[in-house]
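Got a minute to go over how the labels on a model like this one are earned? Here it is.

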Amino acid sequence: MKKTLQYVVLAAVLVLVAFKSVYFEKLSTHKAATGPDAAGKFDAASYAQRFWTEKLLPATAQAPDLSALLTELKANPQAAFAQSHALGIGNIRYFLVRGAGTVAKVDKNDVTVRLADGNDVQLATEYVFGNAARDASGLIRNQDFDNTADLNALAEQLNGLIRARVVPGLRADARPGSAVQFAGALELNQAHLHLDKLEVMPLAVTFSPTVKP
Amino acid sequence: MQLALPANSRPLLLKFQSLIALFVLCLGISLLSDKFLTGANFWNVLRQISVNVCISTGMTLVVLTAGIDLSVGSVLALAGAIAAGLLRNGIALTGPDLFIGFTVLGAVVAGLGTGTALGWFNGWVITRFRLPPFVATLAMLTIARGLTMLWTGGFPITGLGDSFDYLGTGWLLGIPVPVWVSGLIVALAVLVTNKTRLGRYIYAIGGSESAARLSGVNINRVKTTVYALAGALAAVGGLLVTARLDSAQPNAGSSYELDSIAAVVIGGTSLAGGRGSILGTVQGAVIIGVLNNGLVLLNVSPFWQQVVKGFVILLAVIIDKSNAKND
């Protein structure tokens, strides 16, 4: 009798837990409420489009000149990193930069630009990944997003815009010896600073017959 | 000059060796870093330790039976991922046009069930096929990690909601929720090991399995129960980690098995089984946690941190061996 009572109580608890654990609804109704087109859902693609046009590209006008930044990074890294941004904690920091130079080499993965001061920098054309485009301007704030998935989606959408809007023109027009002006996002590790091979995610690139100083 | 200790001081020193080590560690770090003895850091350390305390409690039960469980880190990851995946995505059945959604309770139950099932499987394999626990749980380490990768597709599952995240980030009566959870688990484990038949059987099996068998102890059932408990407690750790990060990471829990074994050994539990305690393991987990925290505060390179931790474990095992010989 005692054993039976134990089983009855156990079964009741299990039923209660199961009842409170799951809920059922029509899959079509659920998809309409939570799918990518649902009202109130974060639309990374639209957000990225607006951010790109209204904030990121205008911000490049005020970005530090890459040659000057490199000089400062060598002389006083701490002061130079004050101009960097990042959403996460850690040593990885991002700079919004602009620069001008001459195309030195065109490779499958990047275009090498020789700056006026002789430094080489690579504009990425193949591996456009990471958070540089999202974080470099410092205009995106963690608190404006509900979760990190939305932030990640935004970074991916911005990288997609680079691949769609910047890379094709860069690949088509880059010829060794041609003059180029660019704006982009640069990733550097604060603790392990290496300035010998710099890769910039290109945000805007224009070619002109002569190099502007 | 030779230091002469009173004859009766040695047992006392041995009894409190973990606490003495912890005190010396805290004193040393507080002298070197002014950030160590602060309220914020105190709660931070306790919150970090909570996960290891949960896992190490299960590991202690296993080690007391002269076993080992190398799969706890992977089980932690899978349990956290299952809970996060079900909570975030539910189960969609396109055929009957049915969506099964999971509440926070449902996700927690699913995570705990996953851990318990994997732990039970470990115990079943070890007892049914007489496999060395080292080998069986090493296999489970790989199996569970692979299943985690399959379930998550190699990507983190994020955006789990405030109610779930409360488990890892919330406060209750001025104390972080993970500390409450780990405290409750420790209290139950102390009760089980000291006051129940299962506890006595665990020590008996670790002391001498053949003697326990001759005394009528159902060795297989006790061992399977112990491994299932270890899996369940690893799952608790997985839920806490996932809730704290608001994200189930596919590579979560890597090397956690080593931290938990370290806590068990430093806490004085013999790897040969039959000797040790849950409270000793808690001390071991605190020492590991404080050591981790101190090395970070002192800006020691992560590579050196691993070296230091390795030597601490080595030292603990040597001391344990020496004590066992003297006993």
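What follows is a short round of questions and answers on this predicted model.

Q: How do you know what length to expect for helix α5 of chain B?
A: The expected span is 1.5 Å times one less than the number of residues. Helix α5(B) covers residues 104-128, which is 25 residues, so the expectation is 36 Å. From first C-alpha to last, the helix reaches 35 Å, close to that figure. Just past α5(B), B:R130 takes a positive phi of about 55°.

Q: What makes β1 of chain A and β2(B) a strand pair?
A: Pairing takes at least two bridges between the strands. Strand β1(A), residues 22-26, is joined to β2(B) by five, so the two count as paired, and they run antiparallel. Within this pair, A:F24 sits opposite B:I100.

Q: How do you know which strands β6(A) pairs with inside chain A?
A: Same test, at least two bridges. Strand β4(A), residues 120-124, has three bridges to β6(A), residues 198-208, in the parallel sense. One partnership there is A:Q122 with A:E199. Strand β5(A), residues 179-189, has eight bridges to β6(A), this time antiparallel. Here A:Q181 stands opposite A:T206. Three and eight both pass the cut-off, so both count as pairs.

Q: What makes a residue of chain B count as touching chain A, and how many do?
A: Heavy atoms have to come within 4.5 Å. By that test, 16 residues of chain B are in contact with 14 of chain A.

Q: How much area is buried between the chains, and what share comes from carbon and sulfur?
A: About 1300 Å² is buried between chain B and chain A, with carbon and sulfur atoms giving 62%. Six residue pairs are in polar contact across the two chains. On chain B's side, β1 (91-93), β2 (98-102) and α5 each give two or more residues. The largest share, five residues, comes from β2(B). By type, that side divides into eight nonpolar, six polar and two charged residues.

Q: How many salt bridges are counted between chain B and chain A?
A: Zero.

Methods: Residues numbered from 1 in each chain as written. Chains lettered and ligands numbered in written order. Predicted model: local features only at pLDDT ≥ 70, side-chain atom pairs only at ≥ 80, totals over all residues. Heavy atoms only, no water. Helix = DSSP H or I, 4+ residues; strand = E, 2+ residues; numbered from the N terminus. Buried area = accessible area lost by both parts, 1.4 Å probe. Salt bridge = Lys/Arg side-chain N within 4 Å of Asp/Glu carboxyl O. Polar contact = N/O pair within 3.5 Å; in protein donor to acceptor, adjacent residues only side chain to side chain. Nonpolar A, V, L, I, M, F, W, Y, C, P; charged D, E, K, R; others polar.
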